[in-house]
Amino acid sequence: MSDTWKDKLYEPSDELIAVENVNYEGPEPHTEEEGPREELISIDHVDLSYSGNTGPIKALENINFNIFPGEFVCVLGPSGCGKSTLLKIIAGFISPTEGSIKLDGNEIKGTDWHRGVVFQHPPLFEWYTVRSNIAFGPKMRGVPKEEYEPLVEEYLKKVGLSEFADKKIYELSGGMKQRVSIARSLINDPEILLMDEPFGALDALTRESVQDLTRKIWWETGKTIFFITHDVEEALLLGSRIIVLSRHPGRVIEDIPVSFSRQVIQDCSTDVKFSAEFYKYREQLLRLINSQ
Ligand SMILES: Nc1ncnc2c1ncn2[C@@H]1O[C@H](COP(=O)(O)OP(=O)(O)OP(=O)(O)O)[C@@H](O)[C@H]1O
Ligand SMILES: [Mg+2]
């Protein structure tokens with residue numbers, strides 16, 4: 001690649017962030033010969049009501065869907081429709097009022113490291129170093145130091161933070177904090193990564209860079225991701241499947257597979273967002289959400 005400024009403009013965006021060891025083959029698609037897919041998460045007739053001051057508030061109504069291993073599920077819906085509530089149920093922070101939710105066929109009864117959560121404002125230990133924050137989960141689980149230390153280095157590298165390992169969290173930018181938060185969840189090797197509008201508070205450029213990182217980690221590790229966003233374009237550029245919830249109380253009104261993220265990985269570019277097909281999906285999803 002020559003060094004003229006014009007060429008620089010078109011260099012693949014993966015050069016903006018130091019992500020190493022990316023496997024561009026990606027997860028193997030499921031084939032029919034492998035038989036029916038086993039669901040990782042099954043959500044069966046789930047209702048959730050909160051007890052409000054003036055009586056119960058129904059946040060979710062009759063939610064029914066499965067999440068399969070390796071999927072990148074993006075959830076869209078109007079504000080207050082119950083997206084975070086759904087994520088909290090999957091995380092095990094709250095239990096459904098009706099119906100059941102299972103992980104690998106077992107009822108989810110509380111939080112544990114099988115499900116990692118990344119929030120918009122990551123609850124990190126501000127006065128600890130990046131390295132200590134990433135090491136926190138395995139340390140708490142009693143993993144021996146000689147086992148978790150190389151893992152910490154591996155995840156530091158994966159999220160492009162090796163050279164910031166000894167910085168304190170308060171010394172980092174918002175995007176860097178989100179990378180720490182992602183590494184801190186991934187090091188526990190969770191079966192599913194739950195992300196609640198994780199990039200909503202970031203500026204556009206930083207946001208694009210952590211989206212890129214998340215997409216690559218998904219592609220490389222084949223991790224199952226459940227990702228809440230307000231942003232239709234973000235959902236289309238990241239997800240392998242998009243679920244739309246209706247206005248309060250949330251019901252599933254759309255559930256579609258999408259493949260733009262695969263194309264972004266293969267092209268090393270997000271130019272697919274200028275295609276007629278992308279435009280069509282974006283308009284239809286926006287219309288659906290705005291018609292609520
Ligand atoms: N702890 C709570 N107690 C009572 N009501 C609640 C509680 N948490 C959420 N709600 C209500 O449940 C509904 C769904 O809230 P939730 O936070 O899941 O929506 P959301 O789709 O994540 O919204 P946003 O897009 O604004 O983040 C809202 O009407 C909200 O007021
Ligand atoms: Mg929310």
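Start with helix α2 and select Lys83, Thr85, Leu86, Leu87 and Ile89: these α2 residues are buried. This is a predicted model. Step just past the end of α2 to Gly92, where phi is positive, about 90 degrees.

**Ligand 1**

Keep α2 on screen and show ligand 1. Which element gives the largest share of the shell around ligand 1? That is α2, with three residues. In total, 13 residues surround the ligand. Label the closest: Tyr50, Ser79, Lys83, Ser84 and Thr85. Next, colour the elements that give two or more residues to this shell: β1 (41–52), β2 (55–67) and α2 (83–91). Now colour the shell by residue class. Eight of its residues are polar, four are nonpolar and one is charged.

**The hairpin, β1 and β2**

Move to β1 and β2. A hairpin links them through two residues. Turn on backbone hydrogen bonds and follow the pair: β1 and β2 are antiparallel, with nine bridges. For one position along the pair, pick Ile43 and look across to Phe65 in β2, which stands opposite.

**Glu61**

Stay in strand β2 and select Glu61. Is Glu61 buried or partly exposed? Glu61 is partly exposed, because 19 other C-beta atoms lie within 10 Å, and a buried residue needs 20 or more. Add His45 and draw a C-alpha to C-alpha distance to Glu61: the model gives 7.9 Å, for two residues 16 apart along the chain. Then show the contacts of Glu61, leaving out neighbours within four places in sequence. They are Asp47, Pro249, Gly250 and Arg251.

**The four-stranded sheet**

Zoom out to the sheet that holds this hairpin. Four strands form an open sheet in the order β2-β1-β4-β5, paired antiparallel. Which strands stand at the edges? They are β2 and β5 (106–107). Each has a single partner strand, so one side of each has no neighbour in the sheet. At the β5 end, select β4 (residues 98–103). Strands β4 and β5 run antiparallel and are joined by two bridges. One position to label here is Lys102, whose bridge partner in β5 is Glu107.

**Strand β3**

Now select β3 (residues 72–76). Five of its five residues are buried, so the strand is largely enclosed by the rest of the structure. Show its side chains. In a regular strand, side chains alternate between the two faces of the sheet. Here Phe72, Cys74 and Leu76 point one way, while Val73 and Val75 point the other way.

Add the partners of β3. Strand β8 (residues 224–228) pairs with β3 in the parallel sense over four bridges. Phe72 stands opposite Ile225 of β8. Strand β9 (residues 241–245) is also parallel to β3, again with four bridges. On this side, find Cys74 and look across to Ile242 in β9.

**Confidence**

Finish by colouring the protein chain by pLDDT. The average is 86, and 88% of the residues score at least 70. Then select residues 8–26, where the pLDDT is below 50. What contacts does this stretch have in the model beyond near neighbours in sequence? There are 24 of them.

Terms used. Residues numbered from 1 in each chain as written. Chains lettered and ligands numbered in written order. Predicted model: local features only at pLDDT ≥ 70, side-chain atom pairs only at ≥ 80, totals over all residues. Near = placed C-beta within 6 Å. Nonpolar A, V, L, I, M, F, W, Y, C, P; charged D, E, K, R; others polar. Pairing = 2+ DSSP bridges. Buried ≥ 20, exposed ≤ 12 C-beta atoms within 10 Å, placed from the backbone. Contact = placed C-beta atoms within 7 Å. pLDDT = per-residue confidence, 0-100.
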